[in-house]
Amino acid sequence: MKRFLLPLAIALCYFSCGEKGTDSLSKSADFHLEIVDSMRIDYLGSLWIQDYDSISQEYIGLTRVDQEIVIMDQNGQVTSNFVIPNEGPNSIVGVFSISYRNGAIQILDSRNGFHFLTHDGIIESNLPLPYSYIFVNNRIHPTFYQVNNQLAYLRPERSDSLKGGTMGGLVKYMYELPIVELYDSLSGSISQTMNFPKTSIYADGNYYFLPFPTVLKQDDLWYLYFTNELKFFVYREEGADIVLEKTVDMVVNDVVLPLGVPFSAAAEYSMGDQRPGKIEQFYRYKGQTILIYSKGIPEERVLLSQKDPSIELVNETYAAVFDENYKLLKNDIPVPEGLVFSRVITGNGEILALKDQDYFGVEEEFVIYYKLKLLHE
C-alpha cells in the first residue's frame, strides 16, 4: 500500500486510504487522517505531551530526563514550567503516571504514592500507598480514575512478590493477577479488580515476556490492551467490580505475532530478534474507537538485517476505526510517516502527534505537534 511522507512545512494534508477492495470493509465510508492544525512550542529538547485538560483547555508535557513539566495552551504558548526535584524538599522519585484535570496535576511516582500539585508545581498534598511497590511497565498512564469514591489505577507489583524466584515465575504471576487496584483513601482498604482476560494471547499457557498493560476509562467503560497484541478488551463497571464484556480482534492481515515458549524455557527467551505488531495508541471519540498500530517485522527479516546493514527495518504504522459496537469499519488506514503519536485526543477529536526531528534529520529549537483528525466521506 502506498505510504505518505509528512512534509516539513506546515500544511493541511489529505491522506486517503487508497484504493477500495471488494470485501465488506470497503463498503463502509472511506476514512482518512487529515492534519488540521499544528502547534509550535518554544522549547528546546524532548517534550512528550501526556494529557489534555478539557476544563482549562491546556496540555501538560513531561521530559523524562530531568522531570521538567511544561504546561501550554491550545496555541502552544507555555503557561507554566518547572522541574520536579528527585530528592530534597518537594521531591518526587520517578514520575510513573501523570494527569492534568481542572488545572491541577496528579502524579503517581515510583516509590511514594500519589502527589497533588498546583498549576505552578507546588505540592499541595500526598497520598502514599501503604506498601512498598514497583511498576513493571514502559508506558506513562493516567494517574488514576475513580470508582465508587475509590482511586482506581494500574496495579503495581508489590516489592515482596519480586524477591527470589525466576523471571518465568514473576511473569506467570503477572499473567494471572487482576489489572486494576482500588484504593479507599478514607478506610485504607485495598482491593483488586479487572481480571486478566482469558482471551488474550498472554493467557494461552505460554511465556511471552512482560505484558505491559495499558488501561483507559471512559464513563463506566474500561479498555485494556497489552503490548505486542492486536486485540483490545472492553470492560464495564458492575458495582465495585470491572468485568470483561467483549474481546475485540483487530482483524489485521500480515500481522507478525510474538513467539511464545513454555515457561520452563523462560530463562533463555529473548525479544531481541522479534518485532511483533502492536497497538501504539488507543483513542475514544463520540462512541468510536480509533487505534494507531503497527504490523511488525518478520523475524527472518530482522535476522537478515543483522547480516546485511543495507536491509532496512521499516515497521509501518496504520490506523483502524471501530463503531460504537466495536465493529471494524476500516483498518490499514495510512498514517503519515515521521510522527510519534501521543495519548492525547481533544474534546473535538484532534489527535496530537509529535514531529520526530530524528526522522527528518533536523535539529530545531522548538517542538512541533501536529493535530490530526480521522475523517470519512
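This report walks through several parts of a predicted model, from its sheets to its cores and a few single residues.

## Two open sheets

One open sheet is built from 4 strands in the order 3-4-5-6, and the pairing in this sheet is antiparallel. At its edges lie strand 3, covering residues 48-53, and strand 6, covering residues 78-83, each of which pairs on one side only. From one strand to the next, the twist of this sheet averages 20°. Looking at one pairing in detail, strand 3 and strand 4 (residues 58-63) run antiparallel and are joined by 5 bridges. Within this pairing, isoleucine 49 has glycine 61 of strand 4 as its bridge partner.

Another open sheet of 4 strands follows the order 21-22-23-24, again with antiparallel pairing. Here the edge strands, each pairing on one side only, are strand 21 (275-285) and strand 24 (328-334). The twist in this sheet averages 20° from one strand to the next. Strand 21 runs antiparallel to strand 22, and 9 bridges join these two strands. Isoleucine 279 is one residue to look for, as it stands opposite tyrosine 293 in strand 22.

## Helix 1 and its buried side

Helix 1 spans residues 167-176, and its buried residues are Gly168, Leu170, Val171, Met174 and Tyr175. These residues lie on the same side of helix 1, because the arc that they cover around the axis is only 160°. Among the elements that cover the buried residues of helix 1 is strand 14, which consists of residues 157-158.

## The nonpolar cores

The largest nonpolar core contains 59 residues, and the ones with the most contacts inside this core are Phe114, Ile179, Val180, Met194, Trp222, Phe232 and Met250. The element that gives the most to this core is strand 18 (residues 221-225), which supplies 5 residues.

Isoleucine 179 can serve as an example of how such a residue is surrounded. When its neighbours within four places in sequence are left aside, isoleucine 179 is in contact with Tyr153, Leu154, Arg155, Thr193, Met194, Phe196, Pro213, Val215, Leu224 and Phe226. There is also a second, separate core of 21 residues, which includes Ala319, Ile345, Phe366 and Leu372.

## Two loop residues, two settings

Threonine 143 belongs to the loop between strand 11 (133-134) and strand 12 (145-147). Since buried means under 20% relative accessible area, threonine 143 counts as buried, because its value is 1%. If residues up to four places away in sequence are not counted, threonine 143 touches Ser97, Ile98, Ser99, Gln106, Ile107, Leu108, Phe114 and Tyr153. With serine 97 there is also a particular pair of atoms to look at, as a polar atom of the side chain of threonine 143 lies 3.5 Å from the backbone oxygen of serine 97.

Proline 298 is likewise found in a loop, the one between strand 22 (288-297) and helix 2 (299-307). Proline 298 is described as partly exposed because its relative accessible area is 34%, a value that falls between the limits of 20% for buried and 50% for exposed. Proline 298 and arginine 236 are 62 residues apart along the chain, and their C-alpha atoms are separated by 36 Å.

Definitions and conventions:
Residues are numbered from 1 along each chain as its sequence is written. This is a predicted model: local features need pLDDT of at least 70, side-chain atom pairs count only at pLDDT 80 or more; totals for chains, interfaces and linings use all residues. Side-chain values use heavy atoms; hydrogens and water are left out. Buried means under 20% relative accessible area, exposed over 50%, partly exposed in between (1.4 Å probe, protein chains only). A polar contact is a pair of N or O atoms within 3.5 Å; within protein, one must be able to donate a hydrogen and the other to accept it, and residues adjacent in sequence count only if both atoms are side-chain atoms. Contact means heavy atoms within 4.5 Å. The arc is that of the directions from the helix axis to the C-beta atoms. Two strands pair if DSSP finds at least two bridges between them. Axes are lines fitted to C-alpha atoms, for helices over the stretch in contact, and angles run from 0 to 180 degrees between N-to-C directions. A nonpolar core is a set of buried Ala, Val, Leu, Ile, Met, Phe, Trp, Tyr and Cys residues joined through side-chain atoms within 4.5 Å.
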